[in-house]
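Here is a short tour of one structure, written with a modeller in mind. Please have the viewer open as you read.

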Amino acid sequence: MTEIQRCTWRGMNGDPFYEAYHDEEWGVPEYDSRALWEKLVLDGFQAGLSWITILRKREAFRAAFANFDPDKVARFGDADRARLMADAGIIRSNGKIDAAISGAKIYCDMRERGEDLGDLLWGMVDGKPIQNRWTGGDVPAQTPLAADMAKMLKAKGYKYCGPVIVYAFMQATGLVNDHLTTCFRHEECRKLAR
């Protein structure tokens, strides 16, 4: 019996929850704009924390943020904000909560102007995932393209979307395939590209 070869994330191997995220979700091309916005918000909440912390709280975030329905979140007011700050199931940060609410408003405004977040993001990679071929510890924390995407998102008004956060977002949503070439998911994710 051959052991499955995965990426070498700290703390992943032997954690069934984390392995399932790696094996089934991370790096899979996501084209749905609402799902992309949800992931962008969650990556913003990750700032200064480990991804596994956010991943373990993801269902609580979904419950707290109306399943990341941007129309509902855009209407959140003071009572919702106070509710979120009191919710121990999520990350309670004034700045990150405000960024999520304002991000929902930006998402809705863009959509009303005929601008689709998914089309905008995928347009930056010419509509198909970048297929990197990392072999080990050479995976960067950010790239010039991530910096350009972060700059574009910030120009639209999004917050908590610097180049490092944006590159993690790009990796997670399959805008780039950063599974190591030794990982069984590298080839599988490559085949999922449109």
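## Asn 13 and its surroundings

Let's start with Asn 13, which sits in the segment before α1 (16-24). Keep in mind that this is a predicted model.

Is Asn 13 buried or exposed? Its relative accessible area is 51%, and the cut-off for exposed is over 50%, so Asn 13 counts as exposed.

Which residues does Asn 13 touch, leaving aside its neighbours within four places in sequence? Its contacts are Arg 6, Cys 7 and Glu 19. For a longer view, take Gly 174: it lies 161 residues from Asn 13 in sequence, and the C-alpha to C-alpha separation of the two is 21 Å.

## The cavity

Now for the cavity search. Over the whole structure, one cavity of 30 Å³ or more turns up. The volume of the largest cavity is about 100 Å³.

## What lines the cavity

Two helices, α2 (33-46) and α6 (94-112), each contribute at least two residues to the lining of the largest cavity. The biggest contribution comes from α2, with five residues.

If you would like to select the lining in your viewer, the residues are Trp 37, Leu 40, Val 41, Gly 44, Phe 45, Lys 96, Ala 99, Ala 100, Gly 103, Tyr 158, Lys 159 and Tyr 160. How many of the lining residues fall in each class? Eight are nonpolar, two are polar and two are charged.

Methods:
Residues are numbered from 1 along each chain as its sequence is written. This is a predicted model: local features need pLDDT of at least 70, side-chain atom pairs count only at pLDDT 80 or more; totals for chains, interfaces and linings use all residues. Side-chain values use heavy atoms; hydrogens and water are left out. On a 1 Å grid over the protein atoms alone, a cavity is a set of points where a 1.4 Å probe fits but cannot get out, and a pocket is an open set with protein on both sides within 12 Å along at least five of seven lines; lining residues have an atom within 4 Å of a point. Grid points are joined across faces, edges and corners, and a volume is the space filled by probe spheres set on the points. Helices (H or I, at least four residues) and strands (E, at least two) are DSSP runs, numbered from the N terminus. Ala, Val, Leu, Ile, Met, Phe, Trp, Tyr, Cys and Pro count as nonpolar, Asp, Glu, Lys and Arg as charged, and the others, Gly among them, as polar. Buried means under 20% relative accessible area, exposed over 50%, partly exposed in between (1.4 Å probe, protein chains only). Contact means heavy atoms within 4.5 Å.
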